[in-house]
Structure formats: C-alpha cells, structure tokens
Amino acid sequence: MLALAAGLTACSGSGSDDETFTILQYETTSTAQYRGWQRALEIFREEHPDVEVEFASTSFDSIRSNAKILLTGDDVPDVMLVNTGNADGGQLAAQGLIDPLTDVVEERGWDERITGSVRSLAVYDETGHAGSGDWYGVPNVASFFTFYYNADLLAEHGFDGPPETMAELEAMFDAFLADGVTPVSSNAGEHAVLQTWWQLISAVADRPAIDDFIFVDGEPDVTSGAFLEGTQHLQDWIEAGYLGTQLAGIKADEMERAFIAGEFPFMANGTWSFARVSEEASFEWGTFAFPESALNAGASGHLWSVPANAKNKDLAYDWIETTLSPEVQNEIAALGGIPVAGDTASIEDPRMRELNEQFDAIRERDALSFYPDYPVPGLLDFQMSGLQALANGSTDAASFLADMQEFYDSGSQS
Amino acid sequence: MSTRRRRDRRVVALLTTRRWALLIVAALVAVVMLVPFYLLVSNAFKTGADYSQRGPLALPEPWTFSAFDRYLGSVDYPRLLTNSVLIAGVVAVVGVAVSMLSAYAIGIGRVRGRTWVVFVLLMATILPQEALIYPLFTGAQAVGLQNSVWSVVIIFIVLQAAFGTYLLSSVLGTFPAELLEAARVDGANRWVILTRIVAPVLRPTMSVLLVFFFVWTWNEFFIPMIMLITPDAQTIPIALAALKGQNTLDVTQLAAASLLSLLPTLVFFFLFQRTLTRGVTAGAVK
C-alpha cells in the first residue's frame, strides 16, 4: 500500500518536474493585458511552486501565419493565445488542433462571467464558424470603438463637453470646419476608417442583421438596410470633410500622433489607443461612445486556448482561471485595459473608469457588433481597398456594397 | 600664345565647375542616404510624448535612453545577439567551406552531369521559402531540433551553400588549366591542389561570399520566425518584429531596437570592408 502510494507520488511528481509549463502569447509589452499577465504569472508561480513556468512571447503576425504548423508538432505550448475569428481560431478548432473547453468552462463557472456577444467569438461549431458550438478558448479582455476628444480644443471653440446626440456631434464637426480645423483624426492606410464605417452601420443595425452577417447565417443582404444607411453616412462624412482629405496615405501611428499633438479635436479609434493617449497627451481629454448607437463595434480579445497535443492541460486550466481572477482582471483595468470580468467600481483613475463604464453599458445591452472582416477570409483587404476608394471619391456607397455582396457570397459559399 | 593661355584657363575653369557640380551631387546623395539614419537615431532617443507632440522629424527634447530601457527590459538582448551571431557566423564559415568543396568537384573535377547538378542547385535558391517550410519543420521535429538554433544553422548552410556552389563552380570552370597541370606534374594530389592552389587563388571571392552569407543569414526572417518559438532561441530580427502589435506600435522603442540591431552589422561591415572591396575588384587588373 505504502509502496503503491510512493509509486504514485513519484509518477505524478516526475510528470510536472521534468516538463516545463509553457505559455505562449503575442501581446506587446506595453499593453494592459501583458502587464496584467505579469501579475497573473506571480500568482500562478505562488500557487504552483514546483512548476517551471516559461512565458514565451512571439508576434501577432507570427501566430497568424504559423499557428497551424506550430500546433501540428509534438512539442506544443501548454496554453497559448489564439486569434479570434473563423479564419484563425475557427480553423484551428475545426482541424482539432485546439481542445474544446466546454466542460471545463462550465465546471469552473467561466460561462457565468463571459456571456452574450462577449462569448460569441469564443465558441465555434464543427466547421469552425464562430457564434455557436463548443468553447475553444477564453478571452481575457475586450476592445471597442469609441471617440477620443480634446477638451482643451473643444473649450477653445466654445464647447464645454462632448456631444450627447449625433446631431450635436455633427454640428460640432461643422463648427470646427468653419473655423478651418479638420474635426476627426482618422486613417484609411490602416483600420480606423474601416471601423468608423462599421460603427456607423452598427449604430442603425439590429442584433440579427449583424449576427447573420458576422456568423454567415442565411443569406445576408448587405446592399440595403443598416448597411446602406451606415455606408451612406460614412460617405456623407467623407464628402463633408470631417475625416480630412488625405485619408488613404495615413497610418494608425500618424493618426494617433496628430491627435496627441493637439492637431485634431476628435479621434475615432479603438480602445487600444487609450494607454498611449493617456501617457503622452498634455491636454485635458476624455472618451465618449458614438452617440445614439444601437450597437457598438468591438469584440472580445484573443483567446487563451489549450492545444490538443498539450501535456499539462490541468495546469493550463489553472492558468486561465488565474487570468480571470478578480485580482488580475482589476489589474488589467487599472492599467487602461478593458477586462471581460473586472469590477469597474474598483478603478481609481476617472478616465479608465469611464471607459470601462462604457464597456459595461455595451455588455449589459449585449451590443458588441464585432469587427467587419471576421466572416470571410480576404474580406479585410477587400473592405480596406473599397473604403480607400470611397475616401478618395472614386466609388460610392451603393457600388461598394454591391461589390461586397458579391465577394461575401462567393467567399461564404466556398 | 595668349589665346592658348586663355583657352587653358577656360578649360581649367570648366573642370573646376564640373568638379564642384559633382561634389554637390555627391553631397546631396549622401544627405538622402543619411536621412533614414537620422530618423532612426533621433527617434530612438526621444520619449513617446516628445515623438507624438513634436513629430518624427524634430530633434529629441530631451535626449533620453527610455526607449532603449523599455526594449532591453522586455528582451534578453545578449541572448538574441549570441543567437544571431552564432547562426550567421557558423552558416557563413561552414557555408563557404561546403560551397568550395562541392564547387571543386563540379568546376575542377568535372563530375558527370554537372550542368544538371548546378541547375538543381540554382532551382533550390529560387524556390520560395514558403514552399519549403512544412517539410523543414517536420524534419526538424523528427530529429528533435525544433526550436533550436541548430535547425536554422543547418537549413541555411544548405541554402547558402547551394548558391555558393553555383557561383564558385562557374568561377572554377574558368580556372587556368596551366596552373592545375603544373601542380599535377609536381605530383600534387586532389587535396593538395584544392588547399594549396585553388583555395589561395579564390580567397578574395571566398571572403566576399563569407560576408554575403553572414549578412544574408543575419537578416533572414521567415524560416527563423517559424523554427524558433521561445525567446531564448530567437534572433534579433524576430524580436524586432514582435514589437509590432495588432493595433499598437511603439515607434521610439522600435527605433531604439532597430539601432541596437544595426550596430553589430555595422561593426561587422567595418571589420570586413577591406576584404569586401578587395574581393569585388579581384581579377580586375589581371
């Protein structure tokens, strides 16, 4: 009996002793989640003192192109970050390279904290389509699209706060234009105009229309309804000059830089700019959600997934549990991130609290509308070039959408 | 007499103008080539706020090492440097040796089917690396070298040597037959001919090849990115790429990191600059 027990201990001991527990991630070191995970690492190491933990970092592009090769091997990480969407996480799930986690998620109660549209991109069906099926990963953070404003510039032009309605917002845009100031810092060289476009569609769309399009359900019509209205709205903004005249040549870095330099009163961009603006801007500023919007562009972040060939799966679940713990989640919020299961009331910085309150409101209304390139591979490039054409006036809303319908249909049928 | 002197003076004046014009053009070209370097250096020493508020073109105000601190705090730079130098160094030396041996067989030994061998080698260098990556990865896994710098070393020795063999064998194809004949008459065997006759004559070419192999391997990105996963196995270009996030980019940190990755290549270049120029012009005066 004693010998058996000793044998068992030796066995389990050797299992975790000579194996290193490897975590693979690709967030850059300046992000709130990366810094939050350093806290998670400390906690995890305290809880598992006999486990050798390796926290490995690679790049987003590397995982994007190599995840499949990496996961077919024997020597895979024990837990890794995976990109959401049908083309990335969905494919890995469908090919059996990452494990379904539904049992673990239910057992540990993660599904009580991650619900609705925050959950949608964590579940994939057997063909790898997001929106329904088994859990294949667990998100830690979310992002959404919002407005940043320069309170000093607003005051200088006679406004004492951000607008409440779309009409007020556009009246402010006109006032700035009349004073010779381009109102919104944006770019079409990277993704800001794309997301502005999607936000303007989301503003007038309902849940089924968005879900059908994103999760390729039925035969979505993108040439009418909210799609047409939102695209027309963007075209109006472009023609009015709200977004500037040189959009196509501008990249994200230049857009943020110009806003931080105080050249624009507004910037429309994702919450990922928050940390940089808060570190570098020398004026009074704040954020406000697009006014009067039914839904809000945004999504849960990358997923912690467990590779099918991983050797320390129980430890992997413990790691995910640690990253979802109140301590780590609140740390991420305190660092300017948007945790999926944080406690907003505990955030001390007023701007960070405000941003997280916006997210809480979106989550309560179940109003995340994701990002527009998710459904079909190649859609991002198509939309980017289409919107660049829209930005320089060589196409209009209706013909852009007609082309997109064709692209979407042929992409979703194959 | 006087007309001649006047004409001479005019010619001298013309020559001086032309020389000045050349100098100005050269200076302009130099400035154009130095601008990227200026951007790199000036942005590397800025704070993030300074970069954002005063733009990428301004000089730092104040000068700071904070971007370097951030980079060096997030990566194990000595480790990256060791990996890069090890990979590029071993590949350069062994690659040249392998190229020389096989080129000797093809160019001097004139083995049967040499045209086809050279053709196949050329094809190997033309093939896109994306087409090779799956077999290479599976192979590395099979021999237990995945995530090891030696997998990359072996792959690039083969790839660079394929090009080196192609190049050297065509050079050796025109090697003076009299030299070989004389050596044979003196009783030299193949090994002696290779080491005492052929290698010394080709030394300048081999040095250039060495430098090229080093720099090419140093800059390699795709295969190392896939083969080397954990930070302790990665090379400098891979660590650089990891600085770009999905939506975020820390420009000053990227500039500092690029500057740090540039320095070793610069040192290498200055060390071997004379070899390089000698090699390129070797044979020009013969």
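In which sense do strand β7 and β9(A) of chain A pair? They pair in the antiparallel sense, over five bridges, with β7 covering residues 142-150 of chain A. The model in which this pairing occurs is predicted: local features need pLDDT of at least 70, side-chain atom pairs count only at pLDDT 80 or more, and totals for chains, interfaces and linings use all residues. Residues are numbered from 1 along each chain as its sequence is written, while chains are lettered from A and ligands numbered from 1 in the order in which they are written.

**The two chains**

Helices (H or I, at least four residues) and strands (E, at least two) are DSSP runs, numbered from the N terminus. A residue is buried if 20 or more other C-beta atoms lie within 10 Å of its own, exposed if 12 or fewer, and partly exposed in between, with C-beta atoms placed from the backbone. The radius of gyration is taken over C-alpha atoms, and the globule rule is 2.2 Å times the number of residues to the power 0.38.

| Chain | Helices and strands | C-alpha span along principal axes | Buried residues |
|---|---|---|---|
| Chain A | 19 helices, 12 strands | about 85 × 50 × 35 Å | 52% of 414 residues |
| Chain B | 12 helices, zero strands | about 85 × 75 × 30 Å | 33% of 286 residues |

With 12 helices and zero strands in chain B, its radius of gyration is 25 Å, well over the 19 Å that the globule rule gives for 286 residues, so chain B is more spread out than a compact globule. For chain A, the radius of gyration is 23 Å, which agrees with the value near 22 Å for a compact globule of 414 residues.

**Strands of chain A**

Two strands pair if DSSP finds at least two bridges between them. Strands of a sheet pair through backbone hydrogen bonds, either parallel or antiparallel. In the pairing of β7(A) with β9(A), Y149(A) stands opposite F266(A). Strand β9(A) also pairs with β8 (residues 184-185) of chain A, in the parallel sense and over two bridges; here S185(A) has M267(A) as its bridge partner. Strand β9(A) spans residues 266-270 and is mostly covered, five of its five residues being buried.

Chain A also contains an open sheet of five strands in the order β2-β1-β3-β12-β6, with mixed pairing. Its edge strands, each pairing on one side only, are β2 (52-57) and β6 (138-139). Strand β1 (residues 20-25) and β2(A) pair in the parallel sense over six bridges, and T22(A) stands opposite E54(A) in β2(A). Helix α15 (residues 313-323) of chain A packs on this sheet and touches β1, β3 (79-82), β6 and β12 (303-305) of chain A. The direction of α15(A) makes about 55 degrees with that of β3(A), where axes are lines fitted to C-alpha atoms, for helices over the stretch in contact, and angles run from 0 to 180 degrees between N-to-C directions.

**Buried helix and nonpolar core**

Eight of the nine residues of helix α13 (residues 252-260) of chain A are buried, so this helix is largely enclosed by the rest of the structure. Among them are D253(A), E256(A) and R257(A). Just after α13(A), G262(A) takes a positive phi of about 80 degrees.

A nonpolar core is a set of buried Ala, Val, Leu, Ile, Met, Phe, Trp, Tyr and Cys residues joined through C-beta atoms within 7 Å. The largest such core has 193 residues, of which Y136(A), V138(A) and V193(A) touch the most other members. Helix α7 (residues 149-172) of chain B gives the most to this core, with 13 residues.

**Contact between the chains**

Two residues are in contact if their C-beta atoms, placed from the backbone, lie within 7 Å. The contact takes 29 residues from chain A and 28 residues from chain B. On the side of chain A that touches chain B, the elements giving two or more residues are β2, α3 (60-72), α13 and α14 (274-280) of chain A. Helix α3(A) gives the most to that side, with six residues.

**Annotated regions of chain B**

An unreviewed UniProt entry places the feature "transmembrane region" at several stretches of chain B, including residues 20-41 and 254-272. UniProt positions are given in the numbering used here, feature names are shortened, and annotations may be inferred rather than shown by experiment. Residues 20-41 of chain B are 100% helix, with end C-alpha atoms 30 Å apart. Residues 254-272 of chain B are 100% helix, with end C-alpha atoms 27 Å apart. The annotation "domain: ABC transmembrane type-1", from an unreviewed UniProt entry, covers residues 81-272 of chain B; this stretch is 79% helix and 0% strand.
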